[in-house]
Amino acid sequence: MGDSKEAGAESPPAGAAARGGLSLLSQGEPEESSAQGSALFLGGNEVKSRAVVKYSSAPPRTAFARLEEKTDLKLPPANWLRESAKLGPAGTTILGNSKKSKPFSSFGMAYDFIDSVGNDVDVVSDSENIKKLLKIPYSKSHVSMAVHRIGRTLLLDELDIQELFMRSSQTGDWTWLKEFYQRLIDQKWQRKKKSKEHWYQKAILSKFLYYSINGDGAAQPVPSAAEQQGPSSSDQATDSDGASWPAPFEMPSSVSEDPSASSQGSEPLEPSYIVGHVASAPKEQNLTTLFNDGENSQGLKNDFVRNILWTFEDIHMLVGSNMPIFGGGRYPAVSLRLRDNNKPINVLTGIDYWLDNLICNVPELVMCFHVNGIVQKYEMIKTEEIPNLENSNFSTKVIKDIAQNILSFLKSNCTKEGHTYWLFKASGSDIVKLYDLTTLCEETEDKYQNPFTMPVAILLYKVACNMMMKKNQNKKHYGTIRTLLLNCVKLLDKSRHPQIIASANYMLSELFQLDEPKKEESSESPLNENSDESYSEEEEELADSDENGSYGTGSDPSDDNKAVAIIKSVGELSVPEKYKSIHQIRPSCTFPVCHDTEERCRLVLSYVLEGLKSVDSSIKKESDLPAADPNTPIPLKYEDESTRGGPEGLEKQMALFLDKMGSLQKGNYSSQSGMIPGSWQHKMKLQLILKSSKAYYVLSDAAMSLQKYGRALRYIKLALQSHDTYCCLCTNMLSEVLLFLSQYLTLCGDIQLMLAQNANNRAAHLEEFNYQTKEDQEILHSLHRESPCQGFAWATDLSTDLESQLSVSCKCYEAANEILQFSDLKSQNPEHYVQVLKRMGNIRNEIGVFYMNQAAALQSERVVSKSVSTAEQQLWKKSFSCFEKGIHNFESIDDATNAALLLCNTGRLMRICAQAHCGAGDEFKREFSPEEGLYYNKAVDYYLKALRSLGTRDLHPAVWDSVNWELSTTYFTMATLQQDYAPLSRKAQEQIEKEVSEAMMKSLKHCDVDSVSARQPLCQYRAATIHHRLASMYHSCLRNQVGDEHLRKQHRVLADLHYSKAVKLFQLLKDAPCELLRVQLERVAFAEFQMTSQNSNVGKLKTLSGALDIMVRTKHAFQLIRKELVEEFDQPKSDESAPAADPSPGLSREEVIKLLSIFESRLSFLLLQSIKLLSSTKKKMSNTEEDVVLKTNKQIYSQLLRATANRNSTLLERIDVLIQLLDQLARGGSGGQ
């Protein structure tokens, strides 16, 4: 039968007019819809009822034929039990109102309307079961129903005890229930046969319905053989119902290995896929189709002509109905009933008719009365009038109360998902009992004795699947989904249903978002806000709080302790809100809150492992792998670098890796376990392996942030091994998966770099790296079934060699970059691409610095050899190559700052090369070589490039200042070397002086003395030193030069200028008193040199006076020296072993003594010259001022001579004397001149 579904379609509301003949719904057509449904007002008692036809396979409605009086219904019509165009292919079943409900009918509906299950609908059942429940207080007949809970939905199915026990006699199933039934309920059970009257009534009704659609009203007898067909075919129908019970041990045809086992008849209604793109699963990948709904899992079909969403008061029910609906003329929709005129209609029949019409939204009932099969008359009754019929009076409000009470009773007590509950009322009894058959069955030690197990498990699975597939799924439902899946897995046998178990475990792993933001607590709080649907399989039964205690088992001997709950009297169901549930089910299906990433990943991996075990157990292969013991750790090879060939060996491994990546694009498939590409095992294992690789990646990232680098390397190794296996199995590599690999390799590069930088803690890292959990070993064991997992061994070994670690890190980044070149990933993931290039630039800088430092170390060790060694040159080349590549990486992503830093390092390398060339020759003959000049100039070029790269200081002030400083240093070093080791053999003195002067001025230009920073004192010291050196150079030129007076004058002015600038800068510094003293002494020497060329005494006296003034100004330097010496003497008092005169790092005692001696001698000389000149001047003319100066100078000179003559005075005493003398000189000496 071709079926169609139409959500929201309804049958016509009461009073809908129709033109022309009314007809049955055409096959596969939705019924006409009305958005309002119907609200019926019955006898003053308002009962809200709304019916929406969700699906109908009924043929077009046919007008019913009014049979003439005296028509004999015992005679079969010509069309009886034959297919008819009006009936559609349903043929004989469409009108079979008495057709028996199948034991799993609610599951068939639930599979078709999976969206409603667990969520919006309270009850899913056959309309016959609903009617039976609502008639309990009025009826003495027995009630036997199976109840299952899925979310907030209850599934109700008839549990035909007679049918079950007949089956039990034949197959041995259900024997435990039969024994239980006989022991507790009916000790003398035997099958009750249906009476001849029953079959007679069925046959006469069937003939009446066929007459009604025949249209000509005439009875056309058929051969007598056909008359026998009625009862016999009905008998067969009943027997065939027994066969609809699935055998408890059989595997559903969809999961069985034999493809021919699947049923062929019907088309699939709604293909059900397991989760394809939830969370982080690749979008393009559709995962395995678990069940083809054509097979409908164990042949459980939705056999109803129509499925109706019926809202009765506040109860939402999905109901299946086979009631024939006719139409015609003034009646858009009517139900047709046959009544024996001799038997008055009773309450049970009235409720039956009323509920059927409500459920199917039929406004009127047509009743045909007969006597012994002879038609007497017809009567039309409106649906709302049925409760007021004579002999059939009932209150609709009471029916509503019964419905609400029964639902509350069931919802309060059927709390365990996956359990089969049995609602039972014995014939003629007033007591209704509820048993938990699952618990009873478990006592028999075989849970598969319960035939409901498999359909329930599949429904749990499908509902979870459906909830996962909803794109706008709210995280608060994750707890519900998880409970559904855990209950599903709990019900199934691993060996029989590996596919469902693997799929359920994969979905469980998908519930946990691996890449969640860090605020787990706040983000996951909504997950705990579960309402009524927070049922749980683990929960204990809570004590009931209903004041009447109606649910509890009393002391009545008719009660038994096996019942979960009991309704002591059916009369209680009519009491309004008697069973209104205030029983709150404890919300223990809340989603587990993982407080850290590791806990979340470990949960994911536990589900992945269960899934992998299910897949692996289902793969049969003759030449299976030798069984590896999952408890035995797989050795992690720890190789020494010598065996692996160092960075050179890496090149080969990288080449092999890139070849492999290229072949992945073509889709090479290789599995050791013999899985068939495209099989469910293949698809599922791919997804599980990908999930495990992501979980390990997240674990590695978390360990990295905790600085547990050994652990991080172990996890990234497992992630890459998982990915390697994925690559072996994958037939079509997705770009998203390649992106994951690029991310894994990037992280692996980070870890190797951190291990290289934390070499001092290597033992701890190694221990962490070699540790393995049992879970990791078992996952690895499953991976080894498919591939050797050695594709990334080159990237994940823990080496002891620094160079090797740096090289591996670099290769990881290079591999990550190579992968981004595939499938246009570079343009699709620009952020990741930039990150990879940044890291490549950084690691190349690290390696470049490593080689540069090695070259510098070799250089410092080289004492004897005069020439540069080949090893040094090789290291320079390697270092330069790394810097060059790194600069290119940074420039390609416009990272000017980092490019500038690498250019700066290249400049430093050039300076090291220059220094290497200065070692040749002995110290006395040494000259500044052309090679040195060449390399220093190259260094300058790189520093200038770095400044150009930065553009302005605003971009990155710290880097700008650093480059500026290095550039200044290079110029300064070059000038100093040229000055100290002048290449006179190659250049003229003037040329050298010019070059030195230019270099010094450039150095000064890049030396920022004004900006306040940590480097300011250094800059001031550098600038002061430059001025001092320039002044010394011009002073020297002046001494050695003869001739050109203009040039001499220029040099004199320049020397004086630079000396005064040097003094100013040195005075700003507190830690350079010796330098200040030296500059001042040089200025005095410069004055003495000028004095030698002077002829007049007045001029000489003036120069002397200036020189003594300079001497006075050195007092500041002596005070600084004295301060340092005093601190030095005070400090070691606590430590007797320390020598008292040990100089501080900033002060050289020898230098101080040397400078002090020079100062004393120069001061003595100047004072003596001053005394001589003043004395000779005094003879010629008397001058009071000069007399005072002369007298002061004589006193100072006398004291100085006595002080210098005293050999026993300490350094501190000598300095104190000088400070005292300089004070005297300042007060009364040459200041007046």
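Two strands pair if DSSP finds at least two bridges between them. Helices (H or I, at least four residues) and strands (E, at least two) are DSSP runs, numbered from the N terminus. The structure above is a predicted model, in which local features need pLDDT of at least 70 and side-chain atom pairs count only at pLDDT 80 or more, while totals for chains, interfaces and linings use all residues. Residues are numbered from 1 along each chain as its sequence is written, and side-chain values use heavy atoms, with hydrogens and water left out.

**Exercise 1. Describe how strand 10 is joined to strand 9 and strand 4, and state which residues stand opposite Leu318.**

Step 1. Strand 9 covers residues 306–312 and is joined to strand 10 by seven bridges, and the two run antiparallel. Across this pairing, Leu309 stands opposite Leu318 of strand 10.

Step 2. Strand 9 and strand 10 form a hairpin with two residues between them. In its turn, Glu313 has a positive phi of about 55°.

Step 3. Strand 4 (residues 123–126) is joined to strand 10 by four bridges, and here the strands run parallel. Leu318 has Val124 opposite, and Gly320 of strand 10 has Asp126 opposite.

Step 4. Strand 4 also pairs with strand 6, in the parallel sense and over two bridges. The bridge partner of Val124 in strand 6 is Leu155.

Step 5. Burial is judged by relative accessible area: buried means under 20%, exposed over 50%, and partly exposed in between (1.4 Å probe, protein chains only). Six of the seven residues of strand 10 are buried, and the strand is thus mostly covered.

**Exercise 2. Characterise the second largest cavity by its volume, its lining and the elements that supply the lining.**

Step 1. Rolling a probe the size of a water molecule over the atoms shows where empty space is left. On a 1 Å grid over the protein atoms alone, a cavity is a set of points where a 1.4 Å probe fits but cannot get out, and lining residues have an atom within 4 Å of a point. Grid points are joined across faces, edges and corners, and a volume is the space filled by probe spheres set on the points.

Step 2. The count by this rule is nine cavities of 30 Å³ or more. The second largest cavity holds about 130 Å³ of space.

Step 3. At least two lining residues come from each of helix 2 (127–134), strand 6 (153–158), strand 10 (315–321) and helix 9 (396–413). Helix 9 gives the most, with four residues.

Step 4. Among the lining residues are Val123, Leu156, Ile315, Met317, Ala403 and Leu410. For the classes, Ala, Val, Leu, Ile, Met, Phe, Trp, Tyr, Cys and Pro count as nonpolar, Asp, Glu, Lys and Arg as charged, and the others, Gly among them, as polar. The lining has 12 nonpolar, no polar and no charged residues.

Step 5. Phe409 also has its place in helix 9. Phe409 counts as buried, because its relative accessibility is 1%. Its C-alpha atom is separated by 9.6 Å from that of Leu573, 164 residues away along the chain.

**Exercise 3. Compare the span of helix 35 with the expected value, and state which of its residues are buried.**

Step 1. The expected span of a helix is 1.5 Å times one less than its number of residues.

Step 2. Helix 35 (residues 1097–1113) has 17 residues and should therefore span 24 Å; its end C-alpha atoms are 24 Å apart, which agrees.

Step 3. The buried residues of helix 35 include Gly1099, Leu1101, Leu1104, Ala1107, Ile1110 and Val1112.

**Exercise 4. Explain why Cys727 forms no bond with Cys728.**

Step 1. A disulfide is a pair of cysteine sulfur atoms within 2.5 Å.

Step 2. The closest cysteine sulfur to that of Cys727 is in Cys728, at 7.0 Å, and this is too far for a bond. The structure holds zero disulfides.

Step 3. Cys727 is buried, with a relative accessible area of 3%.

**Exercise 5. Locate Asn372 and Asp894, and decide whether each is buried or exposed.**

Step 1. Asn372 lies in the loop between strand 13 (364–371) and strand 14 (374–382). Its phi is near 50°, a positive value in a residue other than glycine. Asn372 counts as exposed, because its relative accessibility is 52%.

Step 2. Asp894 is found in the loop between helix 27 (870–892) and helix 28 (896–916). Its phi is near 55°, again positive in a residue other than glycine. At 70% relative accessibility, Asp894 counts as exposed.

How values were computed: On a 1 Å grid over the protein atoms alone, a cavity is a set of points where a 1.4 Å probe fits but cannot get out, and a pocket is an open set with protein on both sides within 12 Å along at least five of seven lines; lining residues have an atom within 4 Å of a point.
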